[in-house]
Amino acid sequence: MKKLSLRARVLTGVAAAVVAGTFGAASASASAPAAAPAATVKTDTKNRNLQQSTHLTLEAATRAAQATLDAAKKENQRVSVAVVDRNGNTILTLRGDGAGPQAYESAVKKAYTAVSWNAPTSELAKRLANAPTLKDIPGTLFLAGGAPVTAKSAPIAAIGVAGAPSGDLDEKFAQAGVATLTR
């Protein structure tokens, strides 16, 4: 038998220890399961890599959308309502009885536009005079009828309304929905 070098003997010993340790750990865990460590969650407010955000719940979005439809119904208007989250994702849409087929998509786009710029879409429509290419951004609609929902001066959602004979009415109804969230 050939004599192994010191280096070969050390590597062989390490490999054997790893293999034995692996089998030993496997058999130990198979015979007596160890107690799982208790999970603890700590909030590190000093960690600048984390950010807390506020989101609108589905329940709140539903209340706001229904209040919007109720405000439109009081004035005999048939509209669709969309509520989007802070990222412009649709939380819910409601199509009022008799609302036109174009109202659904327009409401979503108005809400998306309002949350994207944290401003009512009637104000944003006025900005087109100075920046006409804004209207070319996909998914946006610069017509009155979108209203942002804010918390601590930051947008957390938006409500878009479409279907009334004027954008001013659409926006009035959207503001009624926003108002239910601030009570």
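Here are some short exercises on this predicted model, each with a worked solution.

**Exercise 1. Work out the strand order of the open sheet and find which strands sit at its edges.**

Start with the order: the open sheet has 4 strands, arranged β2-β1-β4-β3, and the pairing is antiparallel. Next, look for strands that pair on one side only, which are β2 and β3, the edge strands. Then check the twist: neighbouring strands in this sheet are turned by 15° against each other on average, ignoring direction. As background, strands of a sheet pair through backbone hydrogen bonds, in either a parallel or an antiparallel way.

Now zoom in on one pair. β3 and β4 run antiparallel to each other and share 6 bridges. For a concrete example, go to Val149 and you'll find that its bridge partner in β4 is Ala157.

**Exercise 2. Say which strands α2 and α3 touch or lie across, and at what angles they run.**

Take α2 to begin with. α2 packs on the sheet and touches β1, β2 and β4, with its direction at about 30° to that of β2. Now turn to α3, which lies across β1, β2, β3 and β4 and runs at about 155° to β4.

**Exercise 3. List the buried residues of α3 and find what covers them.**

α3 spans residues 101-117. Go through the helix with the cut-off in hand: buried means under 20% relative accessible area. That picks out Ala103, Ser106, Ala107, Val108, Lys110, Ala111, Thr113, Ala114 and Val115. Yes, a lysine made the list: Lys110 is buried. An α-helix has 3.6 residues a turn, so residues three or four places apart point the same way.

For the cover, think strands and helices together. The elements over these buried residues include β1 (80-85), β2 (90-95), β3 (146-151) and β4 (154-162), along with the helices α4 (121-127) and α5 (167-181).

**Exercise 4. Follow the chain out of α3 and describe Asn118 and Pro120.**

Asn118 follows α3, and its phi is positive, near 50°. Further along, Pro120 sits in the loop between α3 and α4. Is Pro120 buried or exposed, or partly exposed? Its relative accessibility is 23%, so Pro120 counts as partly exposed.

Now find its contacts. Leaving out residues up to four places away in sequence, Pro120 touches Gly146, Pro148, Glu171 and Gln175. Last step: Gly160 is 40 residues from Pro120 along the chain, yet their C-alpha atoms are separated by 9.5 Å.

**Exercise 5. Find what Lys152 and Ser153 have in their backbone and where they lie.**

Start with the usual case: most residues other than glycine have a negative phi. Lys152 isn't a glycine, but its phi is positive, about 55°. Ser153 isn't a glycine either, and its phi is positive at about 65°.

Then place them. Lys152 lies in the loop between β3 and β4, and Ser153 lies in the loop between β3 and β4 too. Finish with accessibility: Lys152 counts as exposed at 83%, and Ser153 is exposed at 70%.

**Exercise 6. Describe the largest pocket and its lining.**

First, the space: about 260 Å³. Second, the lining: 13 residues, with Leu69, Lys73, Gln77, Gly96 and Asp97 nearest the centre. Third, the suppliers: α2 (58-74) and β2 each give at least two residues, and α2 gives the most, with 5. Finally, sort the lining by chemistry: 4 nonpolar, 4 polar and 5 charged.

How values were computed: Residues are numbered from 1 along each chain as its sequence is written. This is a predicted model: local features need pLDDT of at least 70, side-chain atom pairs count only at pLDDT 80 or more; totals for chains, interfaces and linings use all residues. Side-chain values use heavy atoms; hydrogens and water are left out. Buried means under 20% relative accessible area, exposed over 50%, partly exposed in between (1.4 Å probe, protein chains only). Contact means heavy atoms within 4.5 Å. On a 1 Å grid over the protein atoms alone, a cavity is a set of points where a 1.4 Å probe fits but cannot get out, and a pocket is an open set with protein on both sides within 12 Å along at least five of seven lines; lining residues have an atom within 4 Å of a point. Grid points are joined across faces, edges and corners, and a volume is the space filled by probe spheres set on the points. Ala, Val, Leu, Ile, Met, Phe, Trp, Tyr, Cys and Pro count as nonpolar, Asp, Glu, Lys and Arg as charged, and the others, Gly among them, as polar. Two strands pair if DSSP finds at least two bridges between them. Axes are lines fitted to C-alpha atoms, for helices over the stretch in contact, and angles run from 0 to 180 degrees between N-to-C directions.
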